[in-house]
Amino acid sequence: MPLHDTEIDTLVVGAGQAGIAMSEHLKNHGVPHLVLERSRVAEAWRSGRWDSLVANGPAWHDRFPGRDFDIAPDGFAGKEQVADYFEAYAAQIDAPIHTGVEVKRVTRNTGRPGFTVETSEGTLQARRVVAATGPFQKPVIPPIAPALPNLYQIHSAQYFNPQQLPEGAVLVVGAGSSGVQIAEELMRAGRQVYLSVGAHDRPPRAYRNRDFCWWLGVLGLWDTETLQPGREHVTIAVSGARGGHTVDFRRLALEGMVLTGLTQAFDGHTVRFAPDLNENLDRGDANYLAVLDAADAWIERNGMDLPLEPQARERVADAACITAPLHELDLAAAGVSTIIWATGYATDYSWLQVDTFKDNGKPSHQRGVGREPGIYFVGLPWLSRRGSAFIWGVWHDAKHVAGHIATQRQYQHYRAADEAASR
Ligand SMILES: Cc1cc2nc3c(=O)[nH]c(=O)nc-3n(C[C@H](O)[C@H](O)[C@H](O)COP(=O)(O)OP(=O)(O)OC[C@H]3O[C@@H](n4cnc5c(N)ncnc54)[C@H](O)[C@@H]3O)c2cc1C
């Protein structure tokens, strides 16, 4: 179908999990819509993730309600399986997706409702626009990154496998789920790895026969609506790799990974670290133990018969890098040939030229309903709750947004009795 001059009620931009969830709920409400995707369905899972990545949550949990994965429910789907899943899901709901079409500019119409949407395939009109372009659009490398000619530096989004890196030791900056999993993969591939660890949460992979996804669900923690003040930048370190295991930084250090505090600055070949490694590890441990405590209390309150797991509270000895943390490292002397910046992503809404952004450039919205009437967001972290950026969470947020759109359409179609009679 040619897109030029099309008029559509609701345009969804992006066909990742957020755009597909949106399409399903819009369809359920009978809302005419199109989904435009500049690349392929679920492209981020195909080309924006490293080769060995598996979903952080088990297949029974990290999915949409309307379809199971073709793997064991307790297994962790590989990134290609996740992409295949969404492709199959889009086909299952017959989502009206146009791939290979980039939305270049959205502007509000004046003197008439809706928006003018300029795309790589022509201009169209949409009454409403849903931005489902993902929370992780622009890889962010902090300005402290050194300009050293013989150092291979990439963002975690550009990391695919150990073979891609030049010989030598690796400094991984950032120990969220991406950083710690990449660091562990490199260590197991025989590299000397330095991992710069900031503040993090690290829930147990599983405890007393239940995955942490289950625990966060029954404890109501996925539904937490706002971050604790001061915890806004705390990353979560979990891994589904190698069948799933708890991220235990102290154990990784015993196995040979050198942990450091936050990376602060570079001076030529020398990198300086903040003296906060122990504080960060202690806070991560406290978060881990808090989940165990809450799980124990929940089991007792509910009289559940789940096996005891006292070994989950055992702490391994501290390696030398923890008892006497590095304050600086001469990269050349340590043979570090690569820095991987696992330092997160920013959003890019330069195409969305409407009045719905705060001074800091972040979308101004309430549960995905933008400040500018007719503009919506799905897929953002903490859009409505902790679960919002995760596969299953976005599905529920999309349901709310589609419900809002359906209600707006009722207002739009309403005519007073005298208006209707005079027609
Ligand atoms: C390394 C990593 C691992 C993750 N692992 C998990 C996990 O295990 N479980 C989990 O639940 N979540 C995980 N997430 C979080 C989240 O589920 C994924 O980031 C997911 O891809 C987000 O889906 P989305 O649809 O919101 O965005 P995306 O998947 O990024 O989809 C957005 C789409 O919009 C398209 N697009 C962007 N701009 C335009 C434009 N102007 N015009 C047209 N199309 C456009 C893009 O091509 C893209 O396909 C992970 C995230 C990362 C970074």
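Helices here are DSSP runs of H or I with at least four residues, and strands are runs of E with at least two, numbered from the N terminus. The views below all show a predicted model.

**View A. Trp382 sits in the loop between strand S23 (375–377) and helix H9.** Look at the backbone of this residue to begin with: Trp382 is not a glycine, yet its phi is positive, at about 60 degrees. Is its side of the loop open to the surroundings or covered? With a relative accessible area of 26%, Trp382 is partly exposed, because that class lies between under 20% for buried and over 50% for exposed.

**View B. The ligand is held among 32 surrounding residues.** Gln17, Glu37, Arg49, Asn56 and Ile391 come nearest to the ligand. Three polar approaches are good to pick out by eye. A polar backbone atom of Asn56 is 2.4 Å from an oxygen atom of the ligand. For Ala18, again through a polar backbone atom, the distance to a ligand oxygen is 2.9 Å. Trp45 uses its side chain instead, with a polar atom 3.4 Å from an oxygen atom of the ligand. Taken alone, the ligand has 990 Å² of accessible area, and the protein covers 93% of this. H1, strand S2 (33–37) and H2 are the elements that give two or more residues to the shell. Which element gives the most to this shell? That is H2, with 3 residues.

**View C. Helix H1 is largely enclosed by the rest of the structure, since 10 of its 12 residues are buried.** The buried residues of H1 are Gln17, Ala18, Gly19, Ile20, Ala21, Met22, Ser23, Glu24, His25 and Leu26. You can check the helix geometry with a simple sum: at 1.5 Å a residue, the 12 residues of H1 should span 16 Å, and the end C-alpha atoms are 17 Å apart, which agrees. Just after the helix, Gly30 has a positive phi of about 70 degrees.

**View D. His33, in strand S2, makes polar contacts through its side chain.** One of these is a 2.8 Å polar contact between the side chains of His33 and Ser23. In another, the His33 side chain reaches the backbone oxygen of Val31, also listed at 2.8 Å. Is His33 buried or exposed? Its relative accessibility is 10%, so His33 counts as buried. Leaving out residues up to four places away in sequence, His33 touches Ile8, Thr10, Ser23, Leu26, Lys27 and Pro96.

**View E. Helix H3 (residues 79–92) keeps its buried residues on one face.** Its 14 residues should span 20 Å at 1.5 Å a residue; the end C-alpha atoms lie 20 Å apart, which agrees. Lys79, Val82, Ala83, Tyr85, Phe86, Tyr89 and Ala90 are the buried ones. Viewed down the axis of H3, these residues fall within an arc of 155 degrees, so they line one face of the helix. What covers them? The cover includes helix H1 (17–28), helix H2 (43–47), strand S3 (97–99) and helix H9 (391–413).

**View F. Asp94 follows H3 and lies in the loop between H3 and S3.** Asp94 is a residue other than glycine with a positive phi, near 55 degrees. At 58% relative accessibility, Asp94 counts as exposed.

**View G. Leu259 is a buried residue of strand S15 (residues 258–260).** How is it packed? Its relative accessible area is 0%. Outside the residues up to four places away in sequence, Leu259 touches Leu195, Val197, Phe249, Ala253, Leu277, Leu281, Cys321 and Ile322. The C-alpha atoms of Leu259 and Val193 are separated by 8.5 Å, and these residues are 66 apart along the chain.

**View H. Ser337 lies in strand S19 (residues 336–341).** With a relative accessible area of 12%, Ser337 is buried. A polar atom of its side chain lies 3.5 Å from the backbone oxygen of Pro166. Pro166 is also one of the residues Ser337 contacts beyond its neighbours within four places in sequence, along with Asn150, Leu151, Tyr152, Glu167, Gly168 and Ala169.

Definitions and conventions. Residues numbered from 1 in each chain as written. Predicted model: local features only at pLDDT ≥ 70, side-chain atom pairs only at ≥ 80, totals over all residues. Heavy atoms only, no water. Expected span 1.5 Å × (residues − 1). Buried < 20%, exposed > 50% of the residue type's maximum accessible area, 1.4 Å probe, protein only. Arc of directions from axis to C-beta. Contact = heavy atoms within 4.5 Å. Near = heavy atom within 4 Å. Polar contact = N/O pair within 3.5 Å; in protein donor to acceptor, adjacent residues only side chain to side chain. Areas by Shrake-Rupley, 256 points an atom, 1.4 Å probe, with all protein chains shown as cover.
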